[in-house]
Amino acid sequence: MTGPRLLHTVGVRAIEWLWAHRDGFRLELDVDPEVGFLERFKPVGELAQVCKVLFREGVAGSQQSRLARQLLDHVWRETLDGGLMLLRGQRTEPFSPVPFEVYLPFRELGYSQPGIERAATLNHRLLSCAAFETTATRRLGMSAFQRRFGLTPRPPEAESYARTWLARTPEPWTVEGHTAYDITHAVFHLTDWGEHPDRLPADAAAYLETWLPVWIDDWTDLRRWDLLGELLVVDACLPRPTLDEQAWQAFAAAQQPDGAMPAVREMPAGDPDEVFDIVYHPTLVAAFASTLATSRSLSDLAAAS
């Protein structure tokens, strides 16, 4: 099992890089809506969700917590214009769940944009909400977000989960990159991003306890740092996390001196905006994995003392 110092250091350095590169959280205001105006919202929503976990777990130091709050204030004010850009996005694509999904963790952290709340409540009443075509795991996430907002999930989370890859516990050797990401996000939604590990169904937990170590070994060998980070989060969501020392040592070694985490193998080079778009996600995942793993490690140490 990995000690808390290494686990914590990975997250500290990740948040420092994200703060230093905060201008990378940007929108493209003149992009054609047909080619993805809402795509640029994704990094902002992921940042808010990871910062929410960091504040919730209470294992961050004062410097890390301060930078996380400053990051949130920056993107809410400068990128989202106090939430007005989310409202613009909702008007651009009226039935897209993206503005609501991005807004929810901000709302849970004390930020407010009444227009998005009204749109979310209205859209939830429409048939389009339940008819929206997407993957089973994304549907599970949408249902979970509706519950967190205070709406009745459409469809219910149990129904959404039953259609996912993880719920069927298929042959473990058939897992590949896309499937693995679906597995990780199913776990995130089921456990509310690690807050309630007990909500992971017992058969899924047993399946993951058996096969997750194999997948972690595979993606460590492949140096797929982004996916490895998500799998390390899943490990921290299990009833008995392993906090695999070999995988965490490799993950920490892949992190750059400035805190950036490459997605695959080595850091990319090139235009700073393009580099940010490649590495912001694995760096956010590093902060997420670090926070949950540090919390679990400290809990285990306290229980053993």
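Are Trp76 and Tyr103 buried or exposed? Both are buried. The legends below cover this ring pair and other close-up views of a predicted model.

**View 1. Trp76 and Tyr103 form a tilted ring pair.** The ring centres of Trp76 and Tyr103 are 6.4 Å apart. Their planes meet at 35°, so the pair is tilted. A stacked pair would need planes under 30 degrees apart, and an edge-to-face pair would need over 60. The contact links distant parts of the chain. Trp76 belongs to helix H3 (residues 62-79) and Tyr103 to helix H5, with the two positions 27 residues apart in numbering. The search of the whole structure finds 15 aromatic pairs.

**View 2. Phe276 and Tyr280 stack within helix H14.** The two ring centres lie 5.7 Å apart. The planes of Phe276 and Tyr280 are at 20°, so this pair is stacked. Phe276 and Tyr280 are four residues apart, about one turn of the helix. Phe276 has 3% relative accessibility and therefore counts as buried. Tyr280 has a relative accessible area of 7%, so Tyr280 is buried as well. The cut-off for buried is under 20%.

**View 3. Four aromatic residues join into a cluster.** Its members are Trp17, Phe25, Phe276 and Tyr280. Ring pairs make the links. The stacked pair of View 2, Phe276 and Tyr280, belongs to this cluster.

**View 4. Two arginines lie over aromatic rings.** The charged end of Arg22 sits over the ring of Trp19. The distance from the ring centre of Trp19 is 3.8 Å. Arg148 lies over the face of Phe145. Here the distance from the ring centre is 4.6 Å.

**View 5. The largest pocket holds about 1100 Å³ of space.** Its lining counts 37 residues. Closest to the pocket centre are Lys42, Glu46, Glu101, Arg138 and His185. Six helices are shown, each giving two or more residues to the lining: H2 (42-57), H5 (98-108), H8 (136-149), H10 (177-190), H12 (225-237) and H14 (272-304). Helix H14 gives the most, with seven residues. By residue class, the lining has 18 nonpolar, 10 polar and nine charged residues.

Technical notes
Residues numbered from 1 in each chain as written. Predicted model: local features only at pLDDT ≥ 70, side-chain atom pairs only at ≥ 80, totals over all residues. Heavy atoms only, no water. 1 Å grid on protein atoms, 1.4 Å probe; cavity = no way out; pocket = protein on both sides within 12 Å on 5 of 7 lines; lining within 4 Å. Points joined across faces, edges and corners; volume = space filled by probe spheres on them. Nonpolar A, V, L, I, M, F, W, Y, C, P; charged D, E, K, R; others polar. Phe/Tyr/Trp six-rings, centres within 6.5 Å; stacked < 30°, edge-to-face > 60°. Buried < 20%, exposed > 50% of the residue type's maximum accessible area, 1.4 Å probe, protein only. Lys NZ or Arg CZ within 6 Å of the ring centre and 35° of its normal.
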